[in-house]
Structure formats: structure tokens, C-alpha cells
Amino acid sequence: MRNATNHTKSASFLRTATLGILCVCLPVLVAAPVRPNPSHAAGPLRVYIVTDLEGASGVYKFAQTREANNPLGEKAKEYLMGDIAAVVRGLRSAGVTDIVVLDGHGSQAFVPELMAPGARYITGLPRPGHLTGLDGSFAGMIQLGAHAMMGTLDGVLCHTQSSRSENRYWYNGVESGELAQCAAIAGHYDVPTIMVTGDEATCREARQFFGTDCVAVAVKRGLSREAAELYPFEETRQALYEGARQAVAAIGRCKPYKLTLPIQAKKEYLDPSNSNSPRRIVKEGVVDDVLKLLDF
Ligand SMILES: [Zn+2]
């Protein structure tokens, strides 16, 4: 409760900031050119997008993200595709020549007929590697539709890997959510996280881990784990489009997120074998290859 006022204040500030982007940019009908990233000026400019469903516009309850083949879930996937399309359009308008979009949601969330042109889309399981197709040729990574780590009070649908077993992870003593986990894998390839989209809590977590050069676009503000103030799609899609353009301009300033090796790792989770009175299990160990981070 101590931080409730601060949260509210920073959330309304962020909301204003998001709308500020809109006010500035709405009258601009022709997109202004984005300053190209000097390190990739000569070759193709490639951006990798990893998506999740919980942080999409309009998504705020697990009934939209967990059960397969239900009408709520199908609509939620359409919301995600709209967010992806806005970001893809923004990246293309800023001069990105190659975009790979990975369906990172556990039960998959792409709706193929809604794929915006100008990107390549990867979905389905199993597939090689956690961030399939990512390598050092990408100038930046975007985490789209992301969510805050397990235990975030105002984090809509917050969890880390498994919401059911309430997993929590610490690397070198720092509690880390999926934002940091994905960014650390990209960091192995020296690819910086240039943009994060999700709720206000996700944006706050992104700034904590990646600094303020990483563009953070909020599409809703959490009130609890399954309640939110949702922002209208017309506004979120415009902010996502503009955010993607800003992220391209920020590529040169964003640093890859790297974990010092070997990683001292700790994981806490509920014992799945005893659902009546679940017991917390603590596992500690050393991870010496960041690409195996999620196997721990
Ligand atoms: Zn997730």
C-alpha cells in the first residue's frame, strides 16, 4: 500500500506521456524520415519481434489467454495481431528492411489472415531455440504484448513462465521476469531490446532493466492481476506505430542486456504434485550458458 500513490502518479504520468505522443504526431500525415542507425547503414536493417498475448491491447483476464478455442481467446489473438500490425507498419516506415515476428505465447496466438505485410511470421511447436531465428544480424529486438514479472501488484496477468505454478526466478541475485529472460538471450547475440509493449507495470519493469532509451509503450494500466484501465485501440495502435519509429531511431543508444557468467540462479515454484496444499520449492544452481537459461 505504501507505494500505491506513487504507482498511481507514475501511471497517470505515463498515460499522459503516451497521449502526448499522439497529440504531437496525429497532425503529421506524412511520416518524417527516421535517422538511420549508423552501424547498419550499409546493409539490411533487421528487427526481431517476440510476442506474447498477455500484454496486448484489450487483454486483461486469464480466460482470454489460457483456454484454447474459446471465443474470448480468439478475439484476444485478433487484438494482438492489430498491435503487431501497428508495430510492423511503424518499423517499415522507419526504414527497417527485414522483420521477423515470433509467436512467443505458449499456446500460440497468431491469426494468419491478419498478418500485416512486410514481415516474416514464425509460429508452432516444437521449434529450434527459444528465440527461433534470432542471431547477431538483427539490430534490435522488440518485446511486444509482454507482461510484468510474477508478483507485480499492478501487473496485468503478471507471471514468469508459468502462471499456474507461480514461478519466480533470480539471476545473480536479481529477481527477473520474462522481459529480462528474453533480453538476456538476445544479449548473447549482442542484440539490444529497443522496445517493449504491455501494461504500465511492464513499461516500468522495462525501464528498470533496460534504461530509458528502450522505448516503452503502454496499452493499459493494471489495477490488479485481472483488472485494468484499458486504453482505446485507436490510441494504442497509434502509440505503437510511433513507438516503433522512435525505437528504430534509438537503436544506436540501446545496449544489449547481458548477464555475468556463470549465472547464480534461483527458482521458486509451487510443487505441481500436491495441488491441495501446494508447497513452495526452491531450486538453486549455476547456469554457465545463457542460451540454457530457461532450462533451469
Ligand atoms: Zn509470458
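Helices here are DSSP runs of H or I at least four residues long, numbered from the N terminus. With that in hand, look at helix α4, residues 200-210. Right behind α4 comes Gly211, which has a positive phi, near 85°. Keep in mind that you're looking at a predicted model.

Stay with α4 for a moment. Of its 11 residues, 8 are buried, so the helix is largely enclosed by the rest of the structure. The buried set runs Glu200, Ala201, Thr202, Cys203, Glu205, Ala206, Phe209 and Phe210. Why might such residues line up along a helix? An α-helix has 3.6 residues a turn, so residues three or four places apart point the same way.

Now zoom out to the whole chain. There are 5 helices and 11 strands to keep track of. The chain has 296 residues, and 50% of them count as buried. If you take the contacts with a separation of 6 or more, 70% are between residues 24 or more positions apart.

Next, find the zinc ion. Its protein donors are Asp52 through OD, His147 through NE2 and Glu178 through OE, and they sit 2.0 to 2.2 Å from the metal. Along the chain, the donors follow the spacing D-x94-H-x30-E. Asp52 is in the loop between β1 (46-51) and α2, while His147 is in the loop between β4 (140-144) and β5 (168-171), so this pair ties together parts that are 95 residues apart in sequence. Are these two buried or exposed? Asp52 and His147 are both buried.

Two of the zinc donors turn up again in the largest pocket, which has a volume of about 620 Å³. Its lining is made of 31 residues, and the closest to the centre are Asp52, Gly104, His105, Gly106 and Glu178. Which elements supply at least two residues each to that lining? Trace β1, β4 and α3 (178-188) and you have them. The biggest contribution comes from α3, with 4 residues. By type, the lining divides into 10 nonpolar, 15 polar and 6 charged residues.

Gly106 is a handy stepping stone to Gln108. A polar atom of the Gln108 side chain lies 3.2 Å from the backbone oxygen of Gly106. Gln108 itself belongs to the loop between β2 (98-103) and β3 (120-122). With a relative accessible area of 23%, Gln108 is partly exposed, because buried would need a value under 20%. Setting aside neighbours within four places in sequence, Gln108 is in contact with Lys77, Asp103, Thr123, Gly124 and Leu125. For one of these, Leu125, the C-alpha atom is 8.5 Å from that of Gln108, and the two residues are 17 apart along the chain.

Three serines make a good tour of the remaining surroundings. Start with Ser176, in strand β6 (residues 174-176). Ser176 is buried, with a relative accessible area of just 1%. Its side chain reaches the backbone oxygen of Val174 at 2.9 Å. Not counting residues up to four places away in sequence, Ser176 touches Met149, Thr160, Tyr169, Tyr171 and Phe209. That last name takes you back to α4, where Phe209 is among the buried residues.

Move on to Ser165, in the loop between β4 and β5, the loop that also holds His147. The relative accessible area of Ser165 is 18%, so this residue is on the buried side of the 20% cut-off. What does its side chain pair with? A polar contact of 2.6 Å joins the side chains of Ser165 and Asn167. Beyond four places in sequence, Ser165 touches Tyr269 and Leu270.

The last stop is Ser93, in helix α2 (residues 71-93). Here the relative accessible area is 31%, which makes Ser93 partly exposed. The Ser93 side chain reaches the backbone oxygen of Gly90 at 2.9 Å. Apart from neighbours within four places in sequence, Ser93 is in contact with Tyr241 and Arg245. Ala244 is worth finding too: 151 residues separate Ser93 from Ala244 in sequence, yet their C-alpha atoms are 9.2 Å apart in space.

Methods:
Residues numbered from 1 in each chain as written. Predicted model: local features only at pLDDT ≥ 70, side-chain atom pairs only at ≥ 80, totals over all residues. Heavy atoms only, no water. Buried < 20%, exposed > 50% of the residue type's maximum accessible area, 1.4 Å probe, protein only. Contact = heavy atoms within 4.5 Å. Polar contact = N/O pair within 3.5 Å; in protein donor to acceptor, adjacent residues only side chain to side chain. Donors = N, O, S within 2.8 Å, 3.2 Å for Na, K, Ca; no water. 1 Å grid on protein atoms, 1.4 Å probe; cavity = no way out; pocket = protein on both sides within 12 Å on 5 of 7 lines; lining within 4 Å. Points joined across faces, edges and corners; volume = space filled by probe spheres on them. Nonpolar A, V, L, I, M, F, W, Y, C, P; charged D, E, K, R; others polar.
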